[in-house]
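Dear colleague,

I am passing on the structure that follows, and I would be glad if you could look through it with the notes below beside you. They go from the charged pairs to the aromatic rings, and then to the helices and loops.

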Amino acid sequence: MTDSATTGGDPKPQPSAGRLLVDSVARYAKARGLTFSAHSHDWILTLHQNGRTHLIHGYDLGVNRSAAARVANDKSATHDVLKAAGIASVEHRVFLHPRFLDFVPVPGNWGDLLAAFDAFRSDAVVKDNEGTGGMEVFRVRTVRQLEQRVHELFQIARAVALSPTVAISAERRFIMLDDDCLFAYAKERVSVTGDGQRTIGELMRAGGVAPELMLDGVTPGAVPAKGERVPLQWRHNLGLGARAVPFAPVCLEQTVGLGLARAAMRGLGLRFASVDVVTTEAGESVLEVNAGVMLEVLARTATGSGPAANALVDAIYHRVLDLALALETGTAPP
């Protein structure tokens, strides 16, 4: 679909082999009688209406102010802004690539990295400060591991973020449009349930769980007690095998997490974003916020594929696009 265009009255464009978003925007254009085009390998989408052009970049549908979106996609900046607003969030400390240190008042990274690692009791998570999808996220428990991972990340990242490792008992994502939650789900990690006899490795094989889904901290030879649930990962990302478990509306309205998600949206000045809220021994807090809302894995995990997946993404993206185009034409409040 790269560098292609269609109008609302033309035949439906050929389905994209990649992102569900592209096809959803094409369906939106056809339903609203707009001209749609895709460029740069479908990463840039345009909608044309009455001489106006609305741009979609990646998963940014164009309803957030640019500064708010940049802050939300910066993990350390998000924590700093939320902390200043009194909103509970998991700490992320930023460390810039050395080539940027001449532009900000930072004496260097290594001393502060070691101090942060020590403050986090030598058990920390280091990641690309602007990364997504759980990619390039590493748990480090020694100074040597810290140094290795930071150097690896600086090959691809402008900055890394260091955060304490916290025991997360639950992680939920709230897809928000202003104060409205358009969809909410828990992220259930891949796990096995013990029978008191078989090892974790045997339970994995019996359940058809791929060995690569088992990450550090799990002992394949251990025998869990009968009924004991053993998560095989410390991360909750859908792209790493976790399962989306949607909330029932009655439960959603009662959760503290929704209140935190609303507070985060207001604190960051966002209109559309996903907010991840985690439950730890200290209570609930915001883990991160994404101003670019990707629904690919969610739709396929929660609904399978085909019409059900399309219906889910359309219900969310089309409502946001209605707001975006109304803002473009000045027919909706800012």
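I would start with two charged residues, Arg-173 and Asp-276, both of which are buried; please keep in mind throughout that this is a predicted model. The side chains of Arg-173 and Asp-276 meet in a salt bridge, with 2.6 Å from N to O. The pair ties together distant parts of the chain, since Arg-173 belongs to strand β9 (residues 170-177) and Asp-276 to strand β14 (residues 272-280), 103 residues apart. Nor does this contact stand alone, for Glu-171, Arg-173, Lys-187 and Asp-276 are linked in a network of salt bridges.

In total the structure holds 13 salt bridges, and two others among them seem worth describing here. Glu-91 pairs with Arg-93, with the closest N and O atoms 2.6 Å apart. Glu-91 counts as partly exposed at 27% relative accessibility, and Arg-93, with a relative accessible area of 30%, is partly exposed as well. The other is formed by Arg-149 and Glu-152, whose closest N and O atoms are 2.9 Å apart. These two residues are three residues apart in helix α5 (residues 143-153), and so they are separated by about one helical turn. Arg-149 is partly exposed, with a relative accessible area of 29%, while Glu-152 counts as partly exposed at 40% relative accessibility.

Arg-149 has a further contact, because the model also places this residue over the face of Phe-138, at 4.0 Å from the ring centre. A comparable arrangement is found at Tyr-59, where the charged end of Arg-19 sits over the ring, 4.8 Å from its centre.

Tyr-59 leads on to the aromatic contacts, for the structure holds two aromatic pairs. In one of these, the rings of Trp-43 and Tyr-59 have their centres 5.8 Å apart and their planes at 85 degrees, which makes the pair edge-to-face because the angle is over 60 degrees. This pair, too, links distant parts of the chain: Trp-43 is in the loop between β2 (35-39) and β3 (44-49), whereas Tyr-59 is in the loop between β4 (52-57) and α2 (66-72), 16 residues apart. Trp-43 counts as partly exposed, at 39% relative accessibility, whereas Tyr-59 is buried, with a relative accessible area of 13%. The other pair consists of Phe-183 and Tyr-185, with ring centres 6.1 Å apart and planes at 50 degrees, so that this pair is tilted. Phe-183 counts as buried at 18% relative accessibility, and Tyr-185 counts as buried at 2%.

Turning to the helices, α1 (residues 20-32) can be checked by its length. At 1.5 Å a residue, its 13 residues should span 18 Å, and the end C-alpha atoms are 18 Å apart, so the model agrees with the expected span. Helix α1 is mostly covered, with 10 of its 13 residues buried; among the buried residues are Leu-20, Leu-21, Val-22 and Val-25, and they also include the charged residues Asp-23 and Arg-27. Just after α1, Gly-33 takes a positive phi of about 70 degrees.

Two residues that are not glycines also have a positive phi, and you may wish to look at their surroundings. Ser-40, with a phi of about 50 degrees, lies in the loop between β2 and β3 and counts as partly exposed at 45% relative accessibility. Arg-121, with a phi of about 60 degrees, is found in the loop between α4 and β6 (124-128) and is exposed, with a relative accessible area of 77%.

Finally, there is a nonpolar patch on the surface, formed by Trp-110, Leu-114 and Val-143, which together have about 230 Å² of accessible area. Leu-114 has its place in helix α4 (residues 110-119) and counts as partly exposed, at 30% relative accessibility.

With best regards

Technical notes. Residues numbered from 1 in each chain as written. Predicted model: local features only at pLDDT ≥ 70, side-chain atom pairs only at ≥ 80, totals over all residues. Heavy atoms only, no water. Phe/Tyr/Trp six-rings, centres within 6.5 Å; stacked < 30°, edge-to-face > 60°. Helix = DSSP H or I, 4+ residues; strand = E, 2+ residues; numbered from the N terminus. Buried < 20%, exposed > 50% of the residue type's maximum accessible area, 1.4 Å probe, protein only. Lys NZ or Arg CZ within 6 Å of the ring centre and 35° of its normal. Expected span 1.5 Å × (residues − 1). Patch = residues over 30% accessible without salt bridge, like charges linked within 9 Å, V, L, I, M, F, W, Y side chains within 5 Å. Areas by Shrake-Rupley, 256 points an atom, 1.4 Å probe, with all protein chains shown as cover. Salt bridge = Lys/Arg side-chain N within 4 Å of Asp/Glu carboxyl O.
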